[in-house]
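Reader: I'm new to looking at protein structures, and I'd like to start small. Could you take me on a close look at one part of this one, where aromatic rings come together?

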Amino acid sequence: MSNPVVTVKNHSTRDIFVDGDPNWDDQVLKINGKPTKKIYTLTPGSEITVSVHWDEAGAELMMGVIFADAANYDFGNVGFYQLSIGQETTSGNLGVTDENTNGQPLVRYTVSDQEPWSMTMAFVDA
């Protein structure tokens, strides 16, 4: 058993706001290894790791994360991705296992370097 770790790179020209999914109320999101309950601002050219404490075998739904165009993503017409991250059933590698997109986010992402407990997400302008 291990903790899922996602390296997130912002190659876009805008801030990306990272938040734990409020539907996962028992989850404590970690940014760069430190627990946080606040929305994190990932500035252009920056990189962070996003993880959670995971004390079980790998699963399809291990982490819920929101990547948004604004900190107040619950209001107005703000684009954001509401993602579930876990081990994919076909490959066993970490990946996005469920995606809900709200509006038209100003960034898009790709996933690479997938391993069972880690992966990289790169955001670029949409």
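**A cluster of rings**

Author: Let's begin with one ring: tyrosine 109 has a relative accessibility of 17%, and since buried means under 20%, this residue counts as buried. Please keep in mind that you are looking at a predicted model.

Now let's look for partners. Two rings count as a pair when their centres lie within 6.5 Å, and by that rule there are four aromatic pairs here. One of them joins phenylalanine 67 and phenylalanine 123: their centres are 4.9 Å apart, and with 45° between the planes the pair is tilted. Phenylalanine 67 belongs to strand 7 (residues 63–68), while phenylalanine 123 belongs to strand 11 (residues 118–125), so this contact ties together parts that sit 56 residues apart in sequence. Both partners are hidden away: phenylalanine 67 is buried at 2% relative accessible area, and phenylalanine 123 is buried too, at 0%.

That brings us back to our starting ring. Tyrosine 109 pairs with tyrosine 81 in an edge-to-face arrangement, with 90° between the planes and 5.1 Å from centre to centre. Find tyrosine 81 in strand 8 (residues 80–87) and tyrosine 109 in strand 10 (residues 107–112); the pair therefore ties together parts 28 residues apart in sequence. Tyrosine 81 also counts as buried, with 9% relative accessibility.

How do these pieces fit together? Ring pairs link Phe67, Tyr81, Tyr109 and Phe123 into a cluster. Try finding these four residues in the structure, and you'll have the cluster in view.

Technical notes:
Residues are numbered from 1 along each chain as its sequence is written. This is a predicted model: local features need pLDDT of at least 70, side-chain atom pairs count only at pLDDT 80 or more; totals for chains, interfaces and linings use all residues. Side-chain values use heavy atoms; hydrogens and water are left out. Rings of Phe, Tyr and Trp (its six-membered ring) pair if their centres lie within 6.5 Å; planes under 30 degrees apart count as stacked, over 60 as edge-to-face and the rest as tilted. Helices (H or I, at least four residues) and strands (E, at least two) are DSSP runs, numbered from the N terminus. Buried means under 20% relative accessible area, exposed over 50%, partly exposed in between (1.4 Å probe, protein chains only).
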